[in-house]
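Reader: I'm in my first year and still learning to read protein models. Could you take me through one part of this one closely, the salt bridges, and show me how they fit into the rest of the chain?

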Amino acid sequence: MQKVSVEYFNGIGWKRLKTDTELSEMFAQPNNKKVTVSFTCPNDWEEGTVGANDGRMIRLCVLKADDCYLR
């Protein structure tokens with residue numbers, strides 16, 4: 001993956017999460033270094049349910065990936 005978006009659920013839909021450092025290209029690095037994700041919790045961050053799990057949700061959305069349809 002060359003580019004991702006970090007998003008949170010606000011009760012209605014998904015919004016971009018403003019992180020303390022830029023994370024959109026964290027998987028584009030050729031080495032296996034550790035990445036720390038830090039952010040201030042948004043005021044409109046709501047709980048949701050996925051399957052049997054309740055709580056606040058964050059997702060990584062793939063925006064760009066070369067050859068993503070190749071096996």
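Author: From the N terminus on, the elements run β-β-β-β-β, which makes five strands and zero helices. This is a predicted model, so please keep that in mind as you read. The chain is more spread out than a compact globule, because its radius of gyration is 14 Å, well over the 11 Å that the globule rule gives for 71 residues. Along its principal axes, the C-alpha trace spans about 35 × 30 × 20 Å.

Now to the part you asked about. Side chains of opposite charge can pair when their charged atoms come close. In this chain, the count comes to three salt bridges.

Start with Glu7 and Arg59, whose side chains meet with an N to O distance of 2.6 Å. Glu7 lies in strand β1 (residues 3–9) and Arg59 in strand β5, so this pair ties together parts that are 52 residues apart in sequence. The two partners have their own surroundings: Glu7 is buried, because its relative accessible area of 12% falls under the 20% cut-off. Arg59, at 32% relative accessibility, counts as partly exposed.

Next, find Lys15 and Asp44, which form a salt bridge at 3.2 Å, N to O. Here Lys15 sits in strand β2 (residues 14–16), while Asp44 is in the loop between β2 and β3 (47–50), so the pair ties together parts that are 29 residues apart in sequence. Lys15 is partly exposed, with a relative accessible area of 37%, and Asp44 counts as partly exposed too, at 26%.

The remaining bridge joins Arg16 with Glu22, and the closest N and O atoms are 3.9 Å apart. Both ends count as exposed: Arg16 has 53% relative accessibility, and Glu22 has a relative accessible area of 57%.

How do these pairs sit beside the nonpolar side chains? In soluble globular proteins, nonpolar side chains tend to be buried together. The largest nonpolar core here has seven residues in all: Val4, Val6, Tyr8, Leu17, Leu23, Met26 and Trp45. Met26 is a good one to click on. Leaving aside its neighbours within four places in sequence, Met26 is in contact with Val4, Val35 and Leu60.

Follow that last contact to Leu60, which has its place in strand β5 (residues 58–64), the strand that also holds Arg59 of the Glu7 bridge. With 45% relative accessibility, Leu60 counts as partly exposed. Leu60 also belongs to a nonpolar surface patch of about 360 Å², made together with Met1, Phe27 and Val62. Leu60 therefore touches the core residue Met26 and takes part in the surface patch as well, while its relative accessibility of 45% puts it among the partly exposed residues.

Finally, step back to the whole chain. Buried residues make up 23% of the 71 residues. The accessible surface comes to about 5900 Å², and 48% of that belongs to carbon and sulfur atoms. Among contacts between residues at least 6 apart in sequence, 51% join residues at least 24 apart. The Glu7 and Arg59 pair, with its 52 residues of separation, is a nice place to see such a long reach along the sequence.

Key
Residues numbered from 1 in each chain as written. Predicted model: local features only at pLDDT ≥ 70, side-chain atom pairs only at ≥ 80, totals over all residues. Heavy atoms only, no water. Core = buried A, V, L, I, M, F, W, Y, C linked by side-chain atoms within 4.5 Å. Buried < 20%, exposed > 50% of the residue type's maximum accessible area, 1.4 Å probe, protein only. Contact = heavy atoms within 4.5 Å. Patch = residues over 30% accessible without salt bridge, like charges linked within 9 Å, V, L, I, M, F, W, Y side chains within 5 Å. Areas by Shrake-Rupley, 256 points an atom, 1.4 Å probe, with all protein chains shown as cover. Salt bridge = Lys/Arg side-chain N within 4 Å of Asp/Glu carboxyl O. Helix = DSSP H or I, 4+ residues; strand = E, 2+ residues; numbered from the N terminus. Rg over C-alpha atoms; globule rule 2.2 N^0.38 Å.
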